[in-house]
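Open the model in your viewer and keep the selection panel at hand. The tour goes stop by stop.

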Amino acid sequence: MLDIKFIRENIELVKKACRDKGEPDVVGDLLIKDDERRELQAEIDEKRHEQKQHSASVGEAIKAGDKKKAEARKNKAKTLSDNIKQLEEKQRVVQAEWEKLMLHVPNIPAQDVPVGGEDANVIVKEWGDIPKFDFDIRDHLDLGDILGILDMERGAKVAGSAFPVLVGDGAKMARGLIALMLDIHRENGFVEIAPPYLANRDAMVGSAQIPKLEDDMYHIQQDDLFLIPTSEVPTTNLHAGEILAEAELPIYYTAYSANFRREAGSYGAETRGLLRVHQFDKVELVKFVLPEESQKEHESLLAEAEKVLQTLEIPYRVKLLATGDMSFAANKVYDLDIWAPAERKWLEVSSCSNFLDFQSRRANIRYRPDGGGALRYVHTLNASGVALPRLLVSLWELGQTERGTIKIPVALVPYFGGMEEIIPRVKIP
RNA sequence: GGAGAGGUGGCCGAGCGGCUGAAGGCAACUGCCUGCUAAGCAGUUAUACGGGCAACCGUAUCGAGGGUUCGAAUCCCUCCCUCUCCGCCA
C-alpha cells in the first residue's frame, strides 16, 4: 500500500493512478475516513493521559492510607476508563474501514509508463528471428497427441478441464526446464528456495493478492489457507515483519513451485490446451533491494528473465505495459512474450515488476540504514523466470520437424539425458 | 490430536498488579584516558502515530487477539509459534 502521508500530500496524483489503472477511486472516502481516524486517535490519546494520571493518584491515595480519597478517585477513574472503552470500540470499527480503503488504493505507475489500456503497451525490444516452415505445421495439441506427451482429457477426468497431464518425454522436458532455469539463476547469484505451496491470509495481503485477486485463488476453508497463484507470495513474504541490515541487501531469490489459479470465467480459444491452465509450473525471481537501486535492479531482473529465453533460443519480445494493463501493486512492468508459430501469436511467459515499497509496506519489510537513522522500507521486485506451459507450447511448435518430431534446444539436451529429439514412442493406451 | 515447558529490546536475561519502555550483562556508538591495541572511566543506543520551529511532550507496543482491574509484561480466556514426551501419518 501507499503511505497515508503520501496520499494526503499527493491527492491528485493518486486519483490519477486510480483512473489510469482502471481501479475504483476510493481516495475521497479514504481521506474522510482518515480525518475521522486521526481525530478519534487524538481524543483517545488525551483521554488516556487523563485516565492514567487519575489511576496513578489512586495508588498514591492508597499508599497514604486515605481510603476515602482512594475510593473517590477510583470512581472517577472508572468513569474515564469506561468512556475510553467506548471510544476504543468506535476506533476498532473506524480503523478496520480505514485499512480496507487503504488496501484498495493501487500503486502509482512510474513516470515513463504509457497511459492507456492494452493498446498503449510499447514493444521495447525484439530478439531472435521468427522461423519460417516449408511444411504444414502442427499446433502443440496435435504434437502432444502424436508424440503422446500431453493428455488433456485424462487431466479433465481427474481434476477438471485445464488441468493438463504431461506424459513421458513431455513430463521429462518440464522437469529438465525447471532444473535448467534454476541453474541459470543460481549461477547469477540467486538463492534457490523451495517454498510452501499454501499460504495464509496475511501473506496474501502482504504481496497484494488480497483483496483484488482473492476470488482467483483456490481457498482451503478449513484452515483459511490459499493455494499459491505464484511463488512470489511465499518468497516475498519470507521477510515479512523483519528488519534487515543494509549490508544484507540486495537479496535475490529464485523459487520453483507449482501455481494454482481458478481462472474463473475465462474460456474459449485463448484457453486451448496449455495456453491457460489451473495448475502450472513456474520458476520465479524475487529481489529485495535498496530504494535507490530498484530501477537499476528492475532492468537487470528483466535481463535475467531474458537470459532463459536466449539460452533456449526462443524468439521473444519485451513489452512495457501501459497503466491499464499492469497489476494493481506494480509501479512498472515489462512482459516477456515468446513466439508460438502454430498459434500465430505471442504468448506471455513472464511479468517483470517493480513494486517499490508497495508490498514492503503491506508486509512490513524494512531495513536499518548503515550509520543509523530511521528505518526504511525495502523495495521488492519479481519476475517469472519463466512460466512453463506456454514455454512448452513454443518449444514444441518451434522445434517441430516435418516428420512430426520435436528437436530439443541445445542447452536443454544435457538435462534430457543427451537426447536431442522427441520421437513418438511409448504411448499410453 | 493429547500432556508438559516456554515466547520480554540487536543478542542474553531479570521482572510476575502501580515507582517498568522495561533491572543487569553483552554488542554497538560518542567522549575522556593511553606510544598503538587491549583494559578502564563517563555517557548514548527501540518502533509507530499525534502535537511543537525546537529541546521536548502525549499515546501505543514485553508472540497475537480478547477480558478482569482505577491500573496488566505481570492475573484469566482464545489462538499462533518453538522445545520435550505420547499418539497418528506420507
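Which atom of RNA strand B lies 3.0 Å from a polar side-chain atom of Arg-92? Select Arg-92 and look at the strand: the partner is a phosphate oxygen of RNA strand B. Keep in mind that this is a predicted model.

**Stop 1: the surface near the RNA**

Zoom out from Arg-92 and colour the elements. Those that give two or more residues to the surface near RNA strand B are α3 (27-63), α4 (67-103) and β14 (366-368). Start with α3, which supplies the largest share, nine residues.

Now colour that surface by residue type. You should find 11 charged residues, four polar and four nonpolar.

**Stop 2: the nearest residues**

Select Asp-45, Gln-51, Lys-52, Ser-55 and Ser-81. Of the 19 residues around RNA strand B, these come nearest. Then turn to the RNA side. Of the atoms of RNA strand B that come within 4 Å of the protein, 78% belong to sugar and phosphate.

Two of these residues merit a distance label. Pick Gln-51 first: an N or O atom of its side chain is 2.8 Å from a sugar or linking oxygen of RNA strand B. Move to Asp-45. Here a polar side-chain atom lies 2.9 Å from a sugar or linking oxygen of the RNA strand.

**Stop 3: Leu-30 in α3**

Stay on helix α3 and select Leu-30, which is found there. Is Leu-30 buried or exposed? Leu-30 is buried, because its relative accessible area is 0%, and a residue counts as buried under 20%.

Show what surrounds Leu-30. Leaving out residues up to four places away in sequence, Leu-30 touches Ile-4, Ile-7, Trp-98, Leu-101, Met-102 and Val-105.

Next, draw a line from Leu-30 to Asp-82. The two are 52 residues apart along the chain, and their C-alpha atoms are separated by 29 Å.

**Stop 4: a three-stranded sheet**

Leave the helix and select β5, β6 and β7. They form an open sheet in the order β5-β7-β6, with antiparallel pairing. Why does one side of β5 and of β6 lack a neighbour in the sheet? Both β5 (198-200) and β6 (219-220) stand at the edges with a single partner strand each, so one side of each is left without a neighbour.

Turn on the backbone. Strands of a sheet pair through backbone hydrogen bonds, either parallel or antiparallel. Between β5 and β7 (residues 225-227), look for three bridges; the two strands run antiparallel. Finish on Asn-200, which stands opposite Leu-225 in β7.

Key:
Residues numbered from 1 in each chain as written. Chains lettered and ligands numbered in written order. Predicted model: local features only at pLDDT ≥ 70, side-chain atom pairs only at ≥ 80, totals over all residues. Heavy atoms only, no water. Near = heavy atom within 4 Å. Polar contact = N/O pair within 3.5 Å; in protein donor to acceptor, adjacent residues only side chain to side chain. Helix = DSSP H or I, 4+ residues; strand = E, 2+ residues; numbered from the N terminus. Nonpolar A, V, L, I, M, F, W, Y, C, P; charged D, E, K, R; others polar. Pairing = 2+ DSSP bridges. Buried < 20%, exposed > 50% of the residue type's maximum accessible area, 1.4 Å probe, protein only. Contact = heavy atoms within 4.5 Å.
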